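This report describes one protein structure, element by element. Please look at the sequence and the model before reading on.

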Amino acid sequence: MSTKARVKDQRVVVVTGGARSGKSRFAKELAKQSGGEVVFVATASAQDEEMIRRIERHRRSRPRQWKMVEEEVDLVGVIDVLGEESKTVIIDCITLWLSNLIERGHRDKEILQETKRLSRALLQSPHTVILVTNDVGSGIVPENALARRFRDLAGEVNQILASSSQEVYLMVAGIPVKIKPNKPKVGGYL
């Protein structure tokens, strides 16, 4: 992994929100604004017909000149092989990556360690990385243990990645709300 100083314009951006809130669309718009090479990293696995259709819709919505990488688990490995030349990278989506790790039998501690490893790799890379992730903890408490585990881990994974990012956006009804680096002072709290 590169130990070079971060490139001046390099940053990590987290885009979160609920289902169909416009996260992927907004991430693509941010990437287009970079004007440089874009690499799209897809973490989805096509396990049923509905998911196959979703993946195909996403493929058609991306500019053809963007490079495409499909990787369900080894995101650190993807960052490592992208090289030293600065690029804009979209990773869509972190919660699907989490699902893939759970499905492969990873324990919670291993998942959180891998998330921290990913966070360090992103900060040490020369790339601007836009992470798309779902905010799944804003709804009802799931009725089964696996769903509660997923919800809780998604919240912890998102906290780790957001804490090391320079920017965080919450998508609400297709509208991006910048929540970091916004530091409002309310009642003496930062």
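A173 takes a positive phi near 50 degrees in the hairpin of strand 6 and strand 7, where two residues lie between the strands. The model is predicted: local features need pLDDT of at least 70 and side-chain atom pairs count only at pLDDT 80 or more, while totals for chains, interfaces and linings use all residues. Residues are numbered from 1 along each chain as its sequence is written, and side-chain values use heavy atoms, with hydrogens and water left out.

Helices (H or I, at least four residues) and strands (E, at least two) are DSSP runs, numbered from the N terminus. Two strands pair if DSSP finds at least two bridges between them. The table gives two such pairs.

| Strands | Bridges | Direction |
|---|---|---|
| strand 6 (residues 167–172) and strand 7 (residues 175–180) | five | antiparallel |
| strand 2 (residues 38–42) and strand 3 (residues 67–70) | four | parallel |

V172 has I175 in strand 7 as its bridge partner. In the parallel pair, V41 stands opposite V69 in strand 3. Between strand 2 and strand 3 the chain passes through helix 2 (residues 49–61), and this β-α-β crossover is right-handed. That term applies if, with the strands pointing away from the viewer, the path from the first strand over the helix to the second runs clockwise.

Helix 1 (residues 23–34) contains K28, and K32 is found in helix 1 too. Is K28 buried or exposed? K28 is buried (under 20% relative accessible area, with exposed over 50% and partly exposed in between; 1.4 Å probe, protein chains only). K28 has no salt bridge (a side-chain nitrogen of Lys or Arg within 4 Å of a carboxyl oxygen of Asp or Glu). The nearest side chain of opposite charge, D92, is 6.7 Å away; Lys and Arg count as positive and Asp and Glu as negative, with His and the chain ends not counted.

Leaving aside neighbours within four places in sequence, K28 is in contact (heavy atoms within 4.5 Å) with S61, R62, W66 and I90. On the same basis, K32 touches P63 and W66. K32 counts as partly exposed because its relative accessibility is 43%.

Helix 5 (residues 108–124) has 17 residues and reaches 25 Å from its first C-alpha to its last, close to the 24 Å expected. The expected span is 1.5 Å times one less than the number of residues. The buried residues of helix 5 include I111, L112 and E114. Its buried residues pack against elements including strand 1 (12–17) and helix 6 (145–163).
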